[in-house]
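Hi,

Here is the model I promised to pass on to you. Have a look at it first, and then read on for what I found.

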Amino acid sequence: MPAVHAEGLFKVFGRRPADAVRRLQDGASVADVRESGATPAVIDAGFSVEPGEIFVVMGLSGSGKSTLLRMLNGLLETTAGTVRVGDAELTALDAPALRRLRQERMSMVFQHFALFPHRSVLDNAAYALEVRGVDRATRRAKAREALALVGLDQWADQKPGQLSGGMKQRVGLARALAADTDLLLMDEAFSALDPLIRREMQDQLLELQASLGKTIVFITHDLNEAMRLGDRIAIMRDGRIVQIGTPDQILETPADDYVRQFLADVDRGRVFTAGHVMVPAPALVAPTAAPAQVLQTMRDTRAGSVLVGDGDGRVVGVATEDVVRTAVAAGASSLAGLPLLPAVDVRATTPLNDLLAAAAQDEVPVTVVDDDGRLAGVVPRGAVLAALGGVPRPAAQPPVALAEAEAVPPADETALITSGGIRG
Amino acid sequence: MAESSDDSGLLPRIPVGEWVDTAFDWVTENFEPVLDAISTASGAGVDGLTDALLLPPAILLAALLALLGGVLRSVRFGIASLVGLLLLISMEMWEPAMQTLALILVATVIAVAIGIPVGIAAAKSSRVSAVVRPVLDFMQTMPALVYLIPAVTFFGIGVVSGVVMTIIFALPPGVRLTELGIRQVDGELVEAGHAFGSPPGKILRGVQLPLALPTIMAGVNQVIMLALSMAVIAGFVGAGGLGGLVVTSLSRLDLGLGVEAGLAVVILAIYLDRLTSAFGQQRRGFPSFLSRGGTVTTTAAASSRSVDAPVTGATDQNARPEPAR
């Protein structure tokens, strides 16, 4: 069951909203509806948020994203459509039931923090529990734990006015976390912060999310933030959701020109990962292989180097053409004992930005390894540049799942691919 | 000119005055028990409070009031209050001053008890606000002396009429500033309350009222100041106290008595103004007593001025005794 499910959501302000919804459903344009005095803010929005997911709603100001969020917890009444939170149909609840649902199932973080200036940091963090009727000692203990999570426990007795912006928002986050609800609604939570602090808060949120596994609906106008945080992103424009997808789906196949315009500003190197651009791993050359034979294969395939591995699929080092040639000249019988270069290992989840330095140097290919250190694939330099430049990937190079790497192709073929990676 | 006389020929005379007379007669006849009850209660309230204020020796009470000022605001203010209050005693104005003080305290308590709930209702509902605002305008701008007539009609000559007029006259700033204070509370804070599932009543008590308190207290301060100015005019309907002395000095053209009574009003006014404005801002302990007007007090005073400014402008027309600011 999805944590949040919205279907056919409309919010229309102004005159005769129900009428406006009917006309929009019949295909009337927004301009037509506006003429009759109604202002549609959200038009026919529908999506599901899975438990444990960070679902980002991205849009410029006036796109209806904050209105949409406020319909998810009933701060704004829907004009049409249904919202379900877990098994409860929020849009059908009366006021007391809605309050109970908010107390027990959802909490919210606000753009301008919305801390109560007359309460201490601790009492702010304990607010949700206080509303729920939790006794003083318990709620203070829980609030203290939440403050510790965001690293502010030593500020518990201060007033919010004495904190900096970033710290205030940490208190806002602690207040939401102390409530210990499954669903967290974040309304432009980091938009009012300095860029550096914003980065810090994003990191902290991801870190907390990794251990807490909340369902988060996050509103932002910053696509980079959306790409950084979101498991999936919904892009809104003029009240409509124009595209829903994972960050790389959106980067790869933008739904329309509007989305494409946005993407121009995205730092692709942070969205795309090694796993996204890697190609199947070449077979590893055993240390016992004869140098002359290896050199011949390298020449045939125009590869600059080979990966030398143990029997378990782990890379022990990289033999460059020069090294192998020297070994042949010296009459060595195997690759063992040659001065191998250390492999450059990254994980499939490593963002491209973090492997640029490794990819830039010439001799050693960037190898992608799995959790056990086994080779999963290599990152061709050309693919990195193509991904950063927004060039669509050719169909011949589908993204490689980790599982596929198990089936290691024969040596000759993969040497060819490696060469493409290294020289191309 | 010829045109205007034509107009008056065309338009019928509307007997507003007669309607009002009829309405008042009707109210007097039908609500006599209610009016009597109000009369008895507020009369007893003022008399009782006056007696209580006059019970201790004048000098002791003056010292206590000065001490209160010293604790709540500053030592300097305490000393100045003591000098002023002792002057009241030496001018032999203590008894009328205490009568006036009792009258304004009773009127203020009632005005605040009515004004704050109405202000809250007006802040919550724009419709209530739209109804209340013109009524408040009417109450504030109607020449004060006109209130004397209905008050006397209902309650006769005496202190009760004084209290009722004073309440009507002093009520508006209490309502207006309560509404303003609550509306000024950051909408995101109220939204946060709702988002965590807090019921509206709890948001009002836990968020809106505490944050609006400085503004509400500025309103209470204004209520007291307006009550004081009206208490003098109430002298015309026999409310006694300093107002009575002012009326007497006017009828006898007794400049000396007039100045003495006027000076007593000024002393009372300044004392009450400073005391109540200190209430609004210094609820966290008594910083002024310890710091003798250090930074905390200075900034608090500065902010109180900016809050007061529009109100002062609005009420200047009401000839209120203007304490030096």
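One term before we start: a salt bridge here is a side-chain nitrogen of Lys or Arg within 4 Å of a carboxyl oxygen of Asp or Glu. By that rule, one salt bridge is found across the interface of chain A and chain B. Please keep in mind throughout that this is a predicted model.

**Where the chains meet**

Which residues make that salt bridge? Arg70(A) and Glu191(B) do, and their closest N and O atoms are 2.5 Å apart. Between the two chains there are also seven residue pairs in polar contact, counting pairs with both residues at pLDDT 80 or more. As for which parts of chain A are involved, helix H4 (95-105), strand S6, helix H6 (127-132) and helix H8 of chain A each bring at least two residues to the side that touches chain B. H6(A) gives the largest share of that side, with four residues.

Taken as a whole, the contact draws 24 residues from chain A and 17 residues from chain B. Together the chains bury about 1700 Å², and 64% of this lies on carbon and sulfur atoms. Three residues stand out on the chain A side: Arg99(A), His118(A) and Tyr127(A) supply 27% of the area that chain A buries against chain B, more than any other three residues.

**How far to trust chain B**

Chain B has a mean pLDDT of 82, with 83% of its residues at 70 or more. The stretch to be careful with is residues 283-325 of chain B, where the pLDDT is below 50; this stretch still has 55 contacts in the model beyond near neighbours in sequence. Where pLDDT is low, the predicted coordinates should not be read in detail.

**The six-stranded sheet of chain A**

Chain A has an open sheet of six strands in the order S6-S7-S8-S3-S9-S10, with mixed pairing. Its edges are S6 (106-109) and S10 (240-245) of chain A, each of which pairs on one side only. From one strand to the next the twist averages 15°.

Starting from the S6 edge, S6(A) runs parallel to S7(A) (residues 183-187), and four bridges join them. Met106(A) sits opposite Leu183(A) in S7(A). Lying across both S6 and S7 of chain A is helix H8(A) (residues 165-178), which runs at about 175° to S6(A). Both S6 and H8 of chain A appeared above among the elements that help form the side touching chain B.

Further along, S3(A) (residues 54-58) pairs with S9(A) in the parallel sense over four bridges, and Phe55(A) stands opposite Arg232(A) in S9(A). S9(A) (residues 232-237) then pairs with S10(A) in the antiparallel sense, over five bridges. Across that pairing, Ala234(A) is opposite Ile244(A), while Ile235(A) is opposite Gln243(A). In a regular strand the side chains alternate between the two faces of the sheet. S9(A) and S10(A) make a hairpin with two residues between them, and Asp238(A) in the turn has a positive phi of about 50°.

**The four-stranded sheet of chain A**

There is also an open sheet of four strands, in the order S2-S1-S4-S5 of chain A, with antiparallel pairing. Here the edge strands are S2 (38-49) and S5 (88-89) of chain A. S1(A) (residues 4-14) and S4(A) (residues 80-85) run antiparallel and are joined by five bridges; Ala6(A) has Val83(A) in S4(A) as its bridge partner. Helix H1(A) (residues 17-25) packs on this sheet, touching S1, S2 and S4 of chain A, and its direction makes about 120° with that of S1(A).

**Two residues to look up**

Ile241(A) is in strand S10 of chain A. What does Ile241(A) touch, leaving aside residues up to four places away in sequence? Its partners are Ala45(A), Gly46(A), Phe47(A), Ala234(A), Ile235(A) and Met236(A). Ile241(A) and Lys65(A) are 176 residues apart along the chain, yet their C-alpha atoms are separated by 9.2 Å.

Asp222(A) is in the loop between strand S8 (215-220) and helix H10 (223-229) of chain A. With the same sequence neighbours left out, Asp222(A) touches Met58(A) and Arg198(A). From Asp222(A) to Phe190(A) the C-alpha distance is 9.9 Å, with their positions 32 residues apart in sequence.

Best wishes

Technical notes. Residues are numbered from 1 along each chain as its sequence is written. Chains are lettered from A and ligands numbered from 1 in the order in which they are written. Side-chain values use heavy atoms; hydrogens and water are left out. pLDDT is the predictor's confidence in each residue, from 0 to 100. Contact means heavy atoms within 4.5 Å. Two strands pair if DSSP finds at least two bridges between them. Axes are lines fitted to C-alpha atoms, for helices over the stretch in contact, and angles run from 0 to 180 degrees between N-to-C directions. Buried area is the accessible area (1.4 Å probe) that two parts lose on being put together, summed over both. A polar contact is a pair of N or O atoms within 3.5 Å; within protein, one must be able to donate a hydrogen and the other to accept it, and residues adjacent in sequence count only if both atoms are side-chain atoms.
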